[in-house]
Amino acid sequence: MFVDEVEIFVKGGRGGDGCVSFLREKYIPKGGPDGGDGGNGGSIILEAKAGVDSLSSFAMKKHWTGNRGVHGQGSQRHGASAQDTVLYVPPGTLVFDAKQGFLMKDLAHPGDRVHVARGGVGGKGNLRFKSSRNRAPREHTPGTEGEERLLRLELKVIADVGLVGKPNAGKSTLLSRLSRARPEIAAYPFTTKYPHLGRIQIDMDHSIIMADIPGLIEGAHRGTGLGHEFLRHIQRAGILVHLVEPLPMDGTDPITNYQTIRQELEKYDPLLVKRPEIIVVSKGEIPEAESVRAEMEKLTGQEVLVISAVTGLHLNKLLARILQHLEKDDSE
């Protein structure tokens, strides 16, 4: 199950209580106070970890409480502090305070972490209250409660390349051909219900991550269709590969479809249309592909590729174009 947005409740562990104790040994009947302090409670930490690609674990369990500190004991024995609880999330996870609405941390890279709920402080034992005026104190303090917070976790998939286009434009087929990803593929719209990531190995030392974003339709920016739920994932992609189906099953015009998707991207985030874009006419094995390519080049003024994920037509050329854009971005 793919989950890219969820609310969870976190609470740091309670601190251990301080101890009230007096030393009582055979030859020291009134040895004085010897109660130890309680240990600190464990904190809740969120950490981005490579290989974790969904927030589904938090959909099943939405309440997380840190470990409690150990109570203090006699003979001046302090309670142990609890270990922190580390919760792993996918790289690209935004951590928001759900009540206040502010962004706490953008866990963009593996290893990034944030303390979201600090553990409580351990209480003081009666040894701490001993003084010249109070030689047998019975005071102690309990451990404090840990911080608690309602969080909203929002995942923005991190990918070098984002595949966009109308439903059934061939995005899933292309991803499965270029990588080992196995998205669901069928001859009807909205087969893809959530983003798929695929790693494309260029050579021994280089690879790129490609994301198949569910098909967009008109009105997606305001909640129409499925694609609106995943528009935010495109914001992380460095390059957009826009697939245009030359002979849409619904009888729509390919050129109009391209313009519609571009408008939806701009309405959602104006910066998206400024992102480097490679326009690709898919399903190059059908005759109409070449004429659509010529129309697209005339409209956009840039080179448009014709590819076929079925026959392998110009897939190497597409990869070369992607690498060219990525190398240009790195140099800048």
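A nonpolar core here is a set of buried Ala, Val, Leu, Ile, Met, Phe, Trp, Tyr and Cys residues joined through side-chain atoms within 4.5 Å. Buried means under 20% relative accessible area, exposed means over 50%, and partly exposed is what falls in between (1.4 Å probe, protein chains only). The model is a predicted one, so local features need pLDDT of at least 70 and side-chain atom pairs count only at pLDDT 80 or more, while totals for chains, interfaces and linings use all residues. Residues are numbered from 1 along each chain as its sequence is written, and side-chain values use heavy atoms, with hydrogens and water left out.

To start with the overall picture, the protein chain has six helices and 14 strands. Helices (H or I, at least four residues) and strands (E, at least two) are DSSP runs, numbered from the N terminus. Of the 332 residues in the protein chain, 48% are buried. The accessible surface of the protein chain is about 17,000 Å², and carbon and sulfur atoms hold 49% of that; these areas come from the Shrake-Rupley method with a 1.4 Å probe, and for residues only the protein chains shown count as cover. As for contacts (heavy atoms within 4.5 Å), 71% of those in the protein chain with a separation of 6 or more link residues 24 or more positions apart.

Now for the interior. In soluble globular proteins, nonpolar side chains tend to be buried together. The largest nonpolar core has 21 residues, and the members touching the most others are Leu174, Met210, Val241, Ile278, Val280, Leu318 and Ile322. At least two residues of this core come from each of β9 (161–165), α2 (171–178), β11 (207–212), β12 (239–244), β13 (277–281) and α6 (315–331). The biggest giver is α6, with five residues. A separate core of 20 residues lies apart from this one, and includes Val10, Ile44, Val116 and Leu153. Back in the largest core, Val241 shows who meets whom: beyond its neighbours within four places in sequence, Val241 is in contact with Val161, Gly162, Leu163, Val164, Ile278, Val280, Leu318 and Ile322.

Two helices deserve a closer look. Six of the eight residues of α2 are buried, so α2 is largely enclosed by the rest of the structure. The buried ones are Lys171, Ser172, Leu174, Leu175, Ser176 and Leu178. Helix α4 (residues 254–268) has 15 residues and, at 1.5 Å a residue, should span 21 Å; its end C-alpha atoms are indeed 21 Å apart. The expected span is 1.5 Å times one less than the number of residues in the helix. Buried in α4 are Pro254, Ile255, Asn257, Tyr258, Thr260, Ile261, Arg262, Glu264 and Leu265. The cover over the buried residues of α4 includes β9, α3 (231–234), β12, β13 and α5 (288–300).

Within α4, Pro254 has 9% relative accessibility and therefore counts as buried. Leaving out neighbours within four places in sequence, Pro254 is in contact with Val244, Glu245, Pro246, Pro248 and Val292. Val292 sits 38 residues from Pro254 along the chain, yet their C-alpha atoms are 7.3 Å apart.

Val3, in the segment before β1 (5–11), is also buried, with a relative accessible area of 12%. Its contacts beyond four places in sequence are Ser54, Leu55, Ser56 and Ala59. The C-alpha atoms of Val3 and Leu55 are separated by 5.0 Å, with their positions 52 residues apart along the chain. Gly32, in the loop between β1 and β2 (44–48), is buried at a relative accessible area of 14%. Beyond four places in sequence, Gly32 is in contact with Ser21, Phe22 and Leu23.

Then there is the backbone. Most residues other than glycine have a negative phi. Ser75, which is not a glycine, has a positive phi of about 60°. Ser75 lies in the loop between β3 (63–65) and β4 (85–89) and is exposed, at 51% relative accessibility. Lys283 has a positive phi too, near 55°. Lys283 belongs to the loop between β13 and α5 and is partly exposed, with a relative accessible area of 24%.

Last come charges over rings, a label that needs NZ of Lys or CZ of Arg within 6 Å of the ring centre and within 35 degrees of the ring normal. Lys61 lies over the face of Trp64, at 4.2 Å from the ring centre. Arg152 is placed over the face of Phe96, at 4.2 Å from the ring centre.
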